[in-house]
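Welcome! Let's take a friendly walk through a protein model and look at how some of its pieces sit together.

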Amino acid sequence: QRAHTPEEIQLAHIALAEFYIEYSYDQCKFHAWQAMKGPLESSNIYYALGKTYWYHSRYDSATLWLEKALAVSELHQDTLNYAKSLHIMCMVHFYKAEFEKAALDLTRSIKLFEELKDSVQMQIAYDNLGWLYDKKGEYGKATEALMAAYRIDLNFGTIWGQSYATSENFNPLLDININKLMVKEAQQQIATAELKENKFQLADGYYKLGHLLRLENKYEEALMTLEKAEMLFEDLNATKYIGETWLELGQLYQDQNFDLEALYYYEKALKAFVHEHFFPRVDLILEWIGHIHFKNNDYDKAKHYYNRGLQLSDTLEHPMAVCLFHRKLATVYTALGDHQSSVAQARESYQIATKIGAESSRTSAARVLYESFKAQGQLDSALFYHEIHIALSTMKERVIIDRSRQEFQVSYDVHNKVQQIERLNTQNGEKEARI
């Protein structure tokens with residue numbers, strides 16, 4: 001509104017395009033296209049378009065704009081945008097199961113972030129690298145990357161995030177201590193947002209706090225907190241974030257085995273994410289809805305949702321999700337007594353996982369094949385895949401044992417960090433009281 005010159009107008013559109021990357025697919029594209037009419041060539045425009053197309057599973061378009069972003073940022077020696085564009089390009093490769101390309105781009109981006117001393121981007125990149133190596137079955141490398149991500153968390157205070165390291169790969173003591181730090185961060189965000197009357201940050205803070213309370217099994221507090229987030233996001237008409245909140249509410253009810261309530265919120269979230277073209281979440285919800293129906297012996301409904309997930313994943317060219325839904329369908333067919341279809345689905349999952357080099361998916365597929373052949377009475381084939389599953393699982397277990405030794409030391413680091421923060425909070429409280 002205040003911009004007057006073509007340069008000012010262009011910069012405003014670029015800023016809005018970057019803001020809307022995750023917030024609104026259509027708004028991001030609109031402002032990026034408007035920015036292109038300006039006098040300057042900016043890699044930020046191409047980065048915003050590349051990231052929003054990746055975010056919404058439009059991989060060919062994402063690749064086109066990210067390559068443009070890389071070229072322009074290299075020309076203008078914009079190291080930060082070059083590294084960020086490489087990072088998103090890596091994620092495009094990852095979802096297409098092009099693991100070697102993904103690892104190369106991610107490793108290059110990490111080096112650049114280290115040169116820039118950008119701890120937040122380094123943490124995210126190391127976290128994704130650990131995730132990538134875990135899916136490939138290179139568990140030693142996965143551990144190294146995840147430990148690097150965790151140590152950045154501790155040293156630079158970048159605790160909050162969708163951290164693969166914090167969520168899946170460390171022991172319960174560590175999770176409890178990290179949770180304490182994250183709760184304090186979320187509470188601080190809420191207090192600051194209330195002071196500044198920033199409704200979006202307030203809603204986001206309530207969402208984060210509700211998520212953490214759910215993890216601590218404080219379900220009533222979590223429910224009240226998430227409902228505050230839901231109300232605020234609805235006031236802002238932030239469809240994607242409303243969807244994330246509904247997804248979290250669904251998980252809260254599923255944790256307590258309230259399946260009808262969980263299904264209600266999952267269906268609402270499903271509609272929101274389809275509206276926003278955010279298909280990675282759609283895959284996830286279809287799996288969870290299918291699982292609830294499977295658990296309740298409603299195999300026809302489970303099959304329906306798994307088939308929807310399979311069709312979507314196939315259309316979007318998500319090979320690992322395709323593997324997952326073939327496995328899920330195999331378990332449904334086993335329950336229905338259709339052993340031939342069960343073996344066919346499980347074998348398809350195993351073959352795709354082997355082809356793309358996704359060792360964790362291959363391990364799971366081998367287990368399902370063992371169960372399918374065993375149910376069919378083909379014991380030789382069942383034994384064959386059982387041995388494969390044991391061999392692949394044992395390889396991972398060896399690394400987990402080694403990882404636990406490293407975790408023990410990190411647990412002490414986290415514990416000391418929590419105590420340090422609590423001491424500082426006490427000292428600050430005493431200062432405020434004296435004032």
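## A starting point: Thr-334

In which helix is Thr-334 found? Thr-334 belongs to helix α17. Keep in mind as you read that this is a predicted model.

Is Thr-334 buried, exposed or partly exposed? With a relative accessibility of 25%, Thr-334 counts as partly exposed. Leaving out residues up to four places away in sequence, Thr-334 touches His-339, Ser-342, Ser-372 and Ala-375. Take Ala-375 from that list: Thr-334 and Ala-375 are 41 residues apart along the chain, and 7.2 Å separates their C-alpha atoms.

## Helices α17 and α19

Now step back from Thr-334 to its helix. Two packed helices are described by the angle between their axes and the distance between the axes. Helix α17 covers residues 319-336 and helix α19 covers residues 359-376; their axes come within 10 Å and cross at roughly 20 degrees. An angle under 35 degrees counts as roughly parallel, so α17 is roughly parallel to α19. The crossing of α17 past α19 is left-handed.

Which residues make the contact? From α17 come Met-320, Cys-323, Arg-327, Ala-330, Thr-331 and Thr-334, while α19 brings Ser-361, Ser-364, Ala-365, Val-368, Ser-372 and Ala-375.

## Helices α4 and α5

Here is another pair of helices to find in the picture. The axes of α4 and α5 come within 9 Å, crossing at roughly 155 degrees. Angles over 145 degrees count as roughly antiparallel, and α4 and α5 are therefore roughly antiparallel to each other. Their crossing is left-handed.

Many residues take part in this contact; among them are Tyr-59, Ala-62, Leu-66 and Leu-70 of α4, together with Tyr-82, Leu-86, Met-89 and Tyr-95 of α5.

## Aromatic rings

How many aromatic pairs does a search of the whole structure find? The search finds 22 of them. One is formed by Trp-33 and Trp-65, which meet edge-to-face, at 5.5 Å centre to centre and with 80 degrees between the planes. Trp-33 lies in helix α2 (residues 25-36) and Trp-65 in helix α4 (residues 59-75), so this pair ties together parts that are 32 residues apart in sequence. Trp-33 is partly exposed, at 39% relative accessible area, whereas Trp-65 counts as buried at 15%.

Another pair, Tyr-59 with Tyr-95, is stacked: the centres are 6.4 Å apart and the planes differ by 15 degrees. Tyr-59 sits in helix α4 and Tyr-95 in helix α5 (residues 79-95), so the pair links distant parts of the chain, 36 residues apart. Tyr-59 is buried, with a relative accessible area of 5%, and Tyr-95 is partly exposed at 22%. Both tyrosines also belong to one aromatic cluster, along with Trp-54, Tyr-55, Phe-94, Phe-99 and Trp-131.

## Charges over rings, and a buried threonine

Rings can have charged partners too. The charged end of Lys-240 sits over the ring of Tyr-241, 4.6 Å from the ring centre. Lys-268 lies over the face of Trp-246, with 4.3 Å to the ring centre.

Finish with Thr-245, in helix α13 (residues 239-255). Is Thr-245 buried or exposed? Thr-245 is buried, at 0% relative accessible area. Not counting neighbours within four places in sequence, Thr-245 is in contact with Tyr-207, Leu-226, Ala-229, Glu-230 and Phe-233.

Technical notes:
Residues are numbered from 1 along each chain as its sequence is written. This is a predicted model: local features need pLDDT of at least 70, side-chain atom pairs count only at pLDDT 80 or more; totals for chains, interfaces and linings use all residues. Side-chain values use heavy atoms; hydrogens and water are left out. Rings of Phe, Tyr and Trp (its six-membered ring) pair if their centres lie within 6.5 Å; planes under 30 degrees apart count as stacked, over 60 as edge-to-face and the rest as tilted. Helices (H or I, at least four residues) and strands (E, at least two) are DSSP runs, numbered from the N terminus. Buried means under 20% relative accessible area, exposed over 50%, partly exposed in between (1.4 Å probe, protein chains only). A charge sits over a ring if NZ of Lys or CZ of Arg is within 6 Å of the ring centre and within 35 degrees of the ring normal. Axes are lines fitted to C-alpha atoms, for helices over the stretch in contact, and angles run from 0 to 180 degrees between N-to-C directions. Angles under 35 degrees count as roughly parallel, over 145 as roughly antiparallel, 65 to 115 as roughly perpendicular and the rest as oblique. A crossing is left-handed if the near helix is turned anticlockwise from the far one by less than a right angle, and right-handed if clockwise. Contact means heavy atoms within 4.5 Å.
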